[in-house]
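Here is a friendly walk through one protein chain, written to be read with the sequence and the 3D view side by side. Have both open, and pick out the residues as they come up.

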Amino acid sequence: MNMPLGAARQPDTATVDGSPAGDAEGSADDGSDRGTEGAVDGTAQGPSGPSLDSGGRPGRRDCNGKPIIGSAEWDLLTDGVRWNAETYLLLGCDPGHGPLSLDRLPDRLPEADRPLLRRMMTDALVHGRPAAGTLRIRRPGGRHDDVECAGEPVLGADGTVTALRMLLRPAPPA
């Protein structure tokens, strides 16, 4: 998978309570080209938000032709979690329930994909290395969608991992 974290645009994010994260200190948003506006409800949106394809799956591009990129950050020091609207859509989560904590993330995967997620989390959180892989996300009716994930640890001044940042996108069709 070739999805470097630094190269992707960081869309607006929402905090656990759904309020905009803005440009708060430590935010994953670098202040560049501001991204998604509008609803954070995981449904198809207007010209500036993510969309679903005809099968109800996250589309590979929004209605403006831009790729759908999910952005998430888990702050290990404060237990804060920020997801943008695309992350809710890609992971099939209801924004009304807020973003998932890291320990709840495996709930979205079939049992067979959980070891890969554990390995990725160990690489990032224990070893302080970037990690990437393609995971299947469970959908209603037993269907699965492939989502490419790339994560990197955020290191504190003492070299310990203080947060995990992750980018997600729909995997190309097989």
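## The largest cavity

In this predicted model, the largest cavity has a lining made up of Leu91, Leu105, Arg108, Leu109, Leu135, Ile137, Cys149, Met166 and Leu168. Two elements give two or more residues to that lining, namely β3 (131–138) and β5 (161–170). By residue type, the lining divides into eight nonpolar residues, no polar ones and one charged.

How much space lies in the largest cavity? The value comes to about 40 Å³. With 30 Å³ or more as the rule, the count is one cavity. As background, rolling a probe the size of a water molecule over the atoms shows where empty space is left.

## Leu135, from strand β3

One of the lining residues is Leu135, which sits in strand β3. Is Leu135 buried or exposed? Its relative accessible area is 4%, and buried means under 20%, so Leu135 counts as buried.

If you set aside the neighbours within four places in sequence, Leu135 is in contact with Leu109, Asp113, Leu116, Leu117, Asp145, Asp146, Val147 and Cys149. Of these contacts, Leu109 and Cys149 also appear in the cavity lining. For a distance to check on screen, try Leu135 and Pro170: they are 35 residues apart in sequence, and their C-alpha atoms are 9.9 Å apart in space.

## Leu91, from helix α1

Leu91 is another lining residue, and its place is in helix α1 (residues 85–91). Leu91 has a relative accessible area of 4%, which makes it buried.

Which residues does Leu91 touch, not counting those up to four places away in sequence? They are Trp83, Leu105, Arg108, Ile137, Arg139 and Leu168. Among them, Leu105, Arg108, Ile137 and Leu168 also line the largest cavity, while Trp83 belongs to the aromatic cluster described next. Leu91 and Gly70 are 21 residues apart in sequence, with 9.0 Å between their C-alpha atoms.

## An aromatic cluster

How many aromatic pairs does a search of the whole structure find? It finds two. In one, the ring centres of Trp74 and Trp83 are 6.5 Å apart and the ring planes meet at 80°, so the pair is edge-to-face. In the other, the centres of the Trp83 and Tyr88 rings lie 4.9 Å apart with planes at 65°, so this pair is edge-to-face too. The reasoning rests on the angle, because planes over 60 degrees apart count as edge-to-face.

Trp83 takes part in both pairs, and Trp74, Trp83 and Tyr88 form one aromatic cluster. As for accessibility, Trp74 and Trp83 are buried, and Tyr88 is buried as well.

## Cysteines without a disulfide

How many disulfides does a search of the whole structure find? The result is zero. Cys93 counts as buried at 12% relative accessibility, and Cys149 counts as buried at 2%. You have already met Cys149, as part of the cavity lining and as a contact of Leu135.

## Asp79 in its loop

Now turn to the loop between β1 (70–75) and β2 (81–83), where Asp79 has its place. Asp79 has a positive phi of about 65°, although it is not a glycine. At 64% relative accessibility, Asp79 counts as exposed, because exposed means over 50%.

## The chain as a whole

Stepping back, the protein chain has two helices and five strands. Read from the N terminus, these elements run β-β-α-α-β-β-β. The chain has 174 residues, of which 45% count as buried. For contacts between residues at least 6 apart in sequence, 49% join residues at least 24 apart.

One pair that is far apart along the chain is easy to find in the viewer: Leu167 and Glu73 are 94 residues apart, with 8.9 Å between their C-alpha atoms. Leu167 lies in strand β5, and at a relative accessible area of 2% Leu167 is buried.

Conventions:
Residues are numbered from 1 along each chain as its sequence is written. This is a predicted model: local features need pLDDT of at least 70, side-chain atom pairs count only at pLDDT 80 or more; totals for chains, interfaces and linings use all residues. Side-chain values use heavy atoms; hydrogens and water are left out. Rings of Phe, Tyr and Trp (its six-membered ring) pair if their centres lie within 6.5 Å; planes under 30 degrees apart count as stacked, over 60 as edge-to-face and the rest as tilted. Buried means under 20% relative accessible area, exposed over 50%, partly exposed in between (1.4 Å probe, protein chains only). On a 1 Å grid over the protein atoms alone, a cavity is a set of points where a 1.4 Å probe fits but cannot get out, and a pocket is an open set with protein on both sides within 12 Å along at least five of seven lines; lining residues have an atom within 4 Å of a point. Grid points are joined across faces, edges and corners, and a volume is the space filled by probe spheres set on the points. Helices (H or I, at least four residues) and strands (E, at least two) are DSSP runs, numbered from the N terminus. Ala, Val, Leu, Ile, Met, Phe, Trp, Tyr, Cys and Pro count as nonpolar, Asp, Glu, Lys and Arg as charged, and the others, Gly among them, as polar. Contact means heavy atoms within 4.5 Å. A disulfide is a pair of cysteine sulfur atoms within 2.5 Å.
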